[in-house]
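This briefing goes through the charged pairs and the nonpolar packing of one protein chain, grouped by topic. Please keep the structure open beside the text while reading.

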Amino acid sequence: MSNTTVVSAPGKVLIAGGYLVLDQAYRGLVVGTTSRFYTIIRQGNEPYRIHVRSPQFESDNHWIYSAALHCPETLTFSSESVPRNKFVETSLLFSLKVLVEKRISSLAAVLAQGLDITIVGDNDFYSQQAQLAARNLPNTVAALETLEPFCDIHATLKTVHKTGLGSSAALTTSLVAALFCHLGSGEVSLDADRALIHNVAQFVHCYAQGKVGSGFDVSAAVYGNHRYTRFNPAALTHIMREDVDNKTLAAALDPSTSSWDNVVVPFQLPPGLELILGDVDAGSHTPTLVSKVLAWRKSKPEEATRLWDDLGGMNAKVEQHLRDLGVMAKADPQVYHGALKQCATVKASEWYAIHNASAIVKKLADLASDFGHVRAYLQKMSQLADVPIEPEEQTRLLNACMDVAGVIMAGVPGAGGYDAIFCIVLSEQAKLSVRQIWEEWKEMNVGPLLAQADDKGATAVALNAVPGLARVVE
């Protein structure tokens with residue numbers, strides 16, 4: 001067992017499948033990000049104590065737990081901190097319960113020595129707009145790049161403004177994975193171990209939230225980019241209680257059980273298509289949006305099913321276009337990149353009119369057109385459910401982005417609302433032009449994030465391999 005274990009897990013962007021991903025009949029297309037959460041575990045200095053610190057927050061950033069293993073199978077665990085951190089506490093408690101059942105020989109000795117755990121997230125998980133304003137810096141990429149990695153947030157867990165990248169899922173996954181790796185019961189690079197880490201992280205995240213959600217955010221934190229089909233909620237509902245015994249818990253989370261029927265199909269953005277993200281300083285409460293949409297679906301099932309089927313079919317077409325472009329890029333890279341260069345100088349709405357257009361140009365035009373249909377269905381759902389999935393303010397901003405030459409997709413990720421947008425662009429110039437629109441936009445305060453698409457899921461890393469990470473544990 002290493003003296004220091006570091007595991008990171010990415011944020012997520014659900015580019016297709018918002019709301020539908022709650023139902024096993026539909027799919028979601030999720031992209032991981034270069035912005036990640038990191039958990040660092042080292043041997044502690046206080047016997048039978050687990051100290052957890054999140055130094056980016058200005059207060060209530062240190063939690064202490066008592067943990068000991070008596071005889072071979074009796075775990076005692078309690079929190080000694082107020083206020084409590086439900087995601088950290090449940091990650092520790094239920095991971096240790098599973099590890100006890102797995103008969104990890106070193107577990108008793110490790111707990112007897114104590115553990116020191118530090119958890120930090122890349123700056124993009126939290127809005128930096130207030131910090132930039134305090135430094136009299138503009139809300140630009142160049143200004144964000146001047147902030148030190150894992151910078152202080154100048155907020156508490158209750159007051160921090162998140163950017164919608166899935167911080168709680170990335171935190172939970174990195175902590176669960178780090179515990180399993182540090183205690184010698186898992187390697188995030190091994191499929192079987194990764195599946196168990198996924199299941200434990202899903203349970204912990206659901207338990208901390210008080211409900212069994214879709215799970216796409218945890219799945220992205222574990223696996224990175226993929227097409228996601230959710231697991232049956234029955235896999236977890238019977239163990240959603242704190243006093244669940246170790247044996248029942250471990251058996252329910254065992255990947256070999258048939259109740260875990262989630263499907264992960266790897267996915268990559270085609271070469272030359274770059275994801276950029278915008279932080280909108282408004283914010284939405286995702287659980288409220290979801291509950292209202294589900295209430296509409298329950299009250300008008302036929303209307304909702306027709307719309308969801310249409311939207312699900314269009315999401316599938318968007319995914320297939322992206323996969324087809326990846327195949328085309330491999331088959332003839334020169335022609336492919338020539339088509340990207342051609343489309344990068346023209347608005348997407350004009351790509352069908354390009355003279356003597358190649359099959360690749362037509363495929364790019366199909367993708368832009370069909371994603372426009374996805375947005376139209378989301379706008380219709382907004383109206384029918386009376387929920388701001390793509391609010392009119394966001395529609396105007398996204399339309400302005402789509403009017404930029406070389407922008408192929410612009411949308412609201414996940415459940416939508418006011419707090420974020422994404423664009424996929426074909427060129428550096430398109431990226432700069434979109435960000436210029438954001439900087440000059442008056443209707444809402446819009447700023448860039450530094451995150452890009454990244455297909456790596458949960459990953460073990462060396463402490464010194466990540467700039468700024470060693471500083472936070474000094």
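Leaving aside neighbours within four places in sequence, Arg 435 touches Val 141, Ile 276, Pro 448 and Leu 449. The model is a predicted one, and its charged residues are described below together with its nonpolar cores.

**A buried arginine without a salt bridge**

- Arg 435 belongs to helix 15, which spans residues 428–440.
- Although Arg 435 is buried, this residue has no salt bridge, and the nearest side chain of opposite charge, that of Glu 274, is 5.7 Å away; because a salt bridge requires the nitrogen to lie within 4 Å of a carboxyl oxygen, the pair of Arg 435 and Glu 274 does not qualify.

**Salt bridges**

- Across the whole structure, a search finds 20 salt bridges.
- One of them pairs the side chains of Asp 23 and Arg 297, with an N to O distance of 2.8 Å. Asp 23 sits in the loop between strand 1 (4–16) and strand 2 (28–43), while Arg 297 sits in helix 10 (residues 286–299), so this pair ties together parts of the chain that are 274 residues apart in sequence.
- Arg 84 and Glu 89 also meet through their side chains in a salt bridge, at 2.4 Å from N to O. The two partners differ in their surroundings, since Arg 84 is exposed with a relative accessible area of 56%, whereas Glu 89 is buried with a relative accessible area of 9%.
- Between Arg 227 and Glu 319 there is a further salt bridge, in which the closest N and O atoms are 2.9 Å apart. This pair links distant parts of the chain, 92 residues apart, with Arg 227 in strand 7 (residues 226–229) and Glu 319 in helix 11 (residues 301–331).
- In that pair, Arg 227 counts as partly exposed at 24% relative accessibility, and Glu 319 is buried with a relative accessible area of 9%.
- Arg 36, Asp 454 and Lys 456 are joined into one network by salt bridges that share partners.

**Nonpolar cores**

- The largest nonpolar core has 149 residues, of which Tyr 19, Ile 50, Leu 96, Trp 351, Met 381, Ile 408 and Trp 438 touch the most other members. Helix 13 (residues 359–385) supplies the largest share of this core, namely eleven residues.
- Apart from this core lies another one of nine residues, among them Tyr 38, Ile 40, Phe 150 and Val 466.
- Beyond its neighbours within four places in sequence, Trp 438 has contacts that include Ile 276, Leu 277, Leu 397, Cys 401, Val 446 and Pro 448. Ile 276 and Pro 448 are also among the contacts of Arg 435.

**Two buried positions and their contacts**

- Leu 175, placed in helix 5 (residues 167–182), counts as buried at 0% relative accessibility. Setting aside neighbours within four places in sequence, Leu 175 is in contact with Thr 39, Val 88, Ser 91, Ile 117 and Ile 119.
- The C-alpha atoms of Leu 175 and Ser 91 are separated by 6.9 Å, although these residues are 84 residues apart along the chain.
- Ala 67 is found in strand 4 (residues 62–70) and counts as buried at 1% relative accessibility. Its contacts, again without neighbours within four places in sequence, are Tyr 48, Ile 50, Thr 76, Phe 77, Leu 96 and Leu 111.
- From Ala 67 to Leu 115 the C-alpha to C-alpha distance is 9.7 Å, with their positions 48 residues apart in sequence.

Definitions and conventions. Residues are numbered from 1 along each chain as its sequence is written. This is a predicted model: local features need pLDDT of at least 70, side-chain atom pairs count only at pLDDT 80 or more; totals for chains, interfaces and linings use all residues. Side-chain values use heavy atoms; hydrogens and water are left out. Helices (H or I, at least four residues) and strands (E, at least two) are DSSP runs, numbered from the N terminus. Buried means under 20% relative accessible area, exposed over 50%, partly exposed in between (1.4 Å probe, protein chains only). Contact means heavy atoms within 4.5 Å. A nonpolar core is a set of buried Ala, Val, Leu, Ile, Met, Phe, Trp, Tyr and Cys residues joined through side-chain atoms within 4.5 Å. Lys and Arg count as positive and Asp and Glu as negative; His and the chain ends are not counted.
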